[in-house]
Amino acid sequence: VELLREQNPAIFSSSTAKKKSTVPKLDCPLETSAEDFELLEQTISYYQERLQISSDALAYLEKRKISKEAIEHFRIGYADRTLGLRLPHRNRNDGKELRERLINLGIYRKTGREHFNGCVTFPIFNEKGQVTELYGRKVCQRQSTGIYHLYLPGKHVGIYNAESLQSRNIILCESIIDALTLWSYGHKNATTIYGTE
């Protein structure tokens with residue numbers, strides 16, 4: 001609807017059409033001048049917004065018994081493949097540069113596709129509160145390739161729910177989702193080892 005409104009304003013109003021760009025353009029949620037850690041932060045914020053309108057992703061979290069409080073507290077989001085529609089086009093300098101930076105960060109693949117497409121996203125932070133890792137769990141079966149668990153490339157950095165380390169006893173779970181389910185039921189001392197390996 002936004003693209004139609006921009007490309008054909010006469011459909012939506014009685015005013016005459018204005019000169020328009022040949023490249024469709026939506027508001028970009030990322031700042032091209034941002035540092036890498038800020039780009040990750042902005043991507044996480046965009047995924048959070050998308051989760052709120054994704055019934056499939058919200059249904060998955062509800063099925064896994066993850067509370068709304070946990071969703072907000074841990075900044076859970078959803079990558080619905082719309083980020084690319086909002087980036088400057090790749091044939092523009094700023095679009096090419098931004099996409100290359102997202103590839104280097106692991107948000108995009110070299111193929112130009114969003115790495116976490118169809119995934120509920122779980123950001124992981126360092127002690128300064130900066131995003132250092134991102135876990136994605138595929139929830140959209142029609143897009144699935146048999147790979148359900150994704151991380152950013154490279155080694156895992158950060159501790160999920162670092163607040164749990166303040167407790168005398170820690171509940172150590174295999175997965176982030178298991179830890180979040182326990183957290184949602186009042187066990188705020190749950191964390192994860194990122195899988196059995």
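Two strands are said to pair if DSSP finds at least two bridges between them, and the strands themselves (E, at least two residues), like the helices (H or I, at least four), are DSSP runs numbered from the N terminus. The model on your screen is predicted, so local features need pLDDT of at least 70 and side-chain atom pairs count only at pLDDT 80 or more, while totals for chains, interfaces and linings use all residues. Residues are numbered from 1 along each chain as its sequence is written, and side-chain values use heavy atoms, with hydrogens and water left out.

**The strands**

Begin by selecting strand S3, residues 131–138, where seven of the eight residues are buried (under 20% relative accessible area with a 1.4 Å probe, protein chains only; over 50% is exposed, and partly exposed lies in between), so that S3 is largely enclosed by the rest of the structure.

Add strand S2, residues 119–125, which runs antiparallel to S3 and is joined to it by seven bridges. Within this pairing, Cys119 stands opposite Lys138 and Thr121 stands opposite Gly136. Between S2 and S3, which form a hairpin, are five residues, and in this turn Gly129 has a positive phi of about 85 degrees. Six of the seven residues of S2 are buried, so S2 too is largely enclosed by the rest of the structure.

Now select strand S4, residues 149–151, which pairs with S3 in the antiparallel sense over three bridges; here Gly136 of S3 stands opposite Leu150 of S4. Then turn to strand S1, residues 77–79, which is antiparallel to S2 and joined to it by three bridges, with Gly77 opposite Thr121.

**The aromatic cluster**

Next, show the side chains of Phe74, Tyr160 and Trp183, which ring pairs link into a cluster. Rings of Phe, Tyr and Trp (its six-membered ring) pair if their centres lie within 6.5 Å, and planes under 30 degrees apart count as stacked, over 60 as edge-to-face and the rest as tilted. The structure holds four such aromatic pairs. The rings of Phe74 and Tyr160 have centres 5.2 Å apart and planes at 20 degrees, so this pair is stacked. Because Phe74 lies in the loop between helix H5 (68–73) and S1, and Tyr160 in the loop between S4 and strand S5 (171–173), the pair ties together parts that are 86 residues apart in sequence. Both Phe74 and Tyr160 are buried.

The rings of Phe74 and Trp183 have centres 5.0 Å apart and planes at 80 degrees, so this pair is edge-to-face. Trp183 lies in helix H8 (residues 176–184), so its pair with Phe74 ties together parts that are 109 residues apart in sequence.
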